Amino acid sequence: MIKATPFDFPYDGRLVAENTALIVIDLQQDFLSASGYFARQGYDPSPLRAILPTVSRLISAARKAGVRIIHTRQGYRADMADMTPYETWRRKRAGLEGTEILLRSGPGFQIVPEVDVAPQDIIVDKTCNSAFTYTDFELVLRAQGITHLLFSGCTTDVCVHTTLREACDRNFQCLTISDACASGDQKAHEAALHMVTVEDGVFGALAESAAVIEGLSRLGDRQGIKG
């Protein structure tokens, strides 16, 4: 089990590598670079970049334990055919008209090089805050037999939390890794983490990366014994 709040994860003590995935949300250039969408909206991307070493350690531990790694990327089609009038209006209002920011054709759509994306990792591309909306994310999870999700990435209060909430509604067992998530708004980040734990864990459990890595290392040891 993983030491967590308000209960250790998972609730029944049955953490199985084959049924678990580390979800790494939207660690893309458009959110983490000084010239991307996030920075252009007046946010400091440095808190987002600060979690990269922690995420890297989690990815390494997950791989050793035999846990699946799933990355998400947010962006629209290059021809913007999947963008509604409201989204087009928001894009123009944000000063992005005529740019490739948040388009899949642009360099900012790519995951930052500090994140180790292996050939066996799964990548889910999305247009909405939730990884479930208009994607094959749930189909992939069900097909792979994944029932337990470990959440990391950005931003805590938007894409991470939106995906987390939907995952809980779809009866996945969810753990948010507090120091592996980040936001440009510290108050929103702290509130989003707190909301995980209200009502005795209405959105699952919350843990620090050290506890998650320790739990994954025990899984890896069990895998080694089985081998």
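## How the chain folds

Among contacts in this chain between residues at least 6 apart in sequence, 76% join residues at least 24 apart. Keep in mind as you look around that this is a predicted model.

The secondary structure comes to 9 helices and 6 strands. The radius of gyration is 17 Å, close to the 17 Å that the globule rule gives for 227 residues, so the chain is as compact as a globular protein of that length. If you follow the C-alpha trace along its principal axes, you will find that it spans about 55 × 35 × 30 Å. Of the 227 residues, 49% count as buried.

## The largest pocket

Now let's turn to the largest pocket, which has a volume of about 720 Å³. Its lining is made up of 27 residues, and those nearest the centre are Tyr37, Gln74, Arg90, Leu102 and Asn129. By type, the lining divides into 13 nonpolar, 7 polar and 7 charged residues.

Which helices each supply at least two residues of this lining? They are helix 2 (37-40), helix 5 (85-93) and helix 7 (156-169). The largest share comes from helix 5, with 5 residues.

## A look at Asp26

Asp26 sits in the loop between strand 1 (20-25) and helix 1 (29-32). Is Asp26 buried or exposed? With a relative accessible area of 0%, Asp26 is buried, because buried means under 20%.

Leaving aside neighbours within four places in sequence, Asp26 is in contact with Phe31, Leu32, Thr72, Arg73, Gln74, Lys126, Cys154 and Cys159. One of these partners, Gln74, is also among the residues nearest the centre of the largest pocket. With another partner, Lys126, Asp26 shares a polar contact of 2.8 Å between the two side chains.

For a sense of distance, try finding Ala78 as well: Asp26 and Ala78 are 52 residues apart in sequence and 18 Å apart in space, C-alpha to C-alpha.

## A look at Thr155

Thr155 is placed in the loop between strand 4 (148-154) and helix 7. Its relative accessibility is 10%, so Thr155 counts as buried under the 20% cut-off.

What does Thr155 touch, not counting residues up to four places away in sequence? The answer is Phe38, Leu48, Val160, His161, Ala182 and Ser183. Helix 7, which follows the loop of Thr155, is one of the helices that supply at least two residues of the lining of the largest pocket.

Key: Residues are numbered from 1 along each chain as its sequence is written. This is a predicted model: local features need pLDDT of at least 70, side-chain atom pairs count only at pLDDT 80 or more; totals for chains, interfaces and linings use all residues. Side-chain values use heavy atoms; hydrogens and water are left out. On a 1 Å grid over the protein atoms alone, a cavity is a set of points where a 1.4 Å probe fits but cannot get out, and a pocket is an open set with protein on both sides within 12 Å along at least five of seven lines; lining residues have an atom within 4 Å of a point. Grid points are joined across faces, edges and corners, and a volume is the space filled by probe spheres set on the points. Helices (H or I, at least four residues) and strands (E, at least two) are DSSP runs, numbered from the N terminus. Ala, Val, Leu, Ile, Met, Phe, Trp, Tyr, Cys and Pro count as nonpolar, Asp, Glu, Lys and Arg as charged, and the others, Gly among them, as polar. Buried means under 20% relative accessible area, exposed over 50%, partly exposed in between (1.4 Å probe, protein chains only). Contact means heavy atoms within 4.5 Å. A polar contact is a pair of N or O atoms within 3.5 Å; within protein, one must be able to donate a hydrogen and the other to accept it, and residues adjacent in sequence count only if both atoms are side-chain atoms. The radius of gyration is taken over C-alpha atoms; the globule rule is 2.2 Å times the number of residues to the power 0.38.
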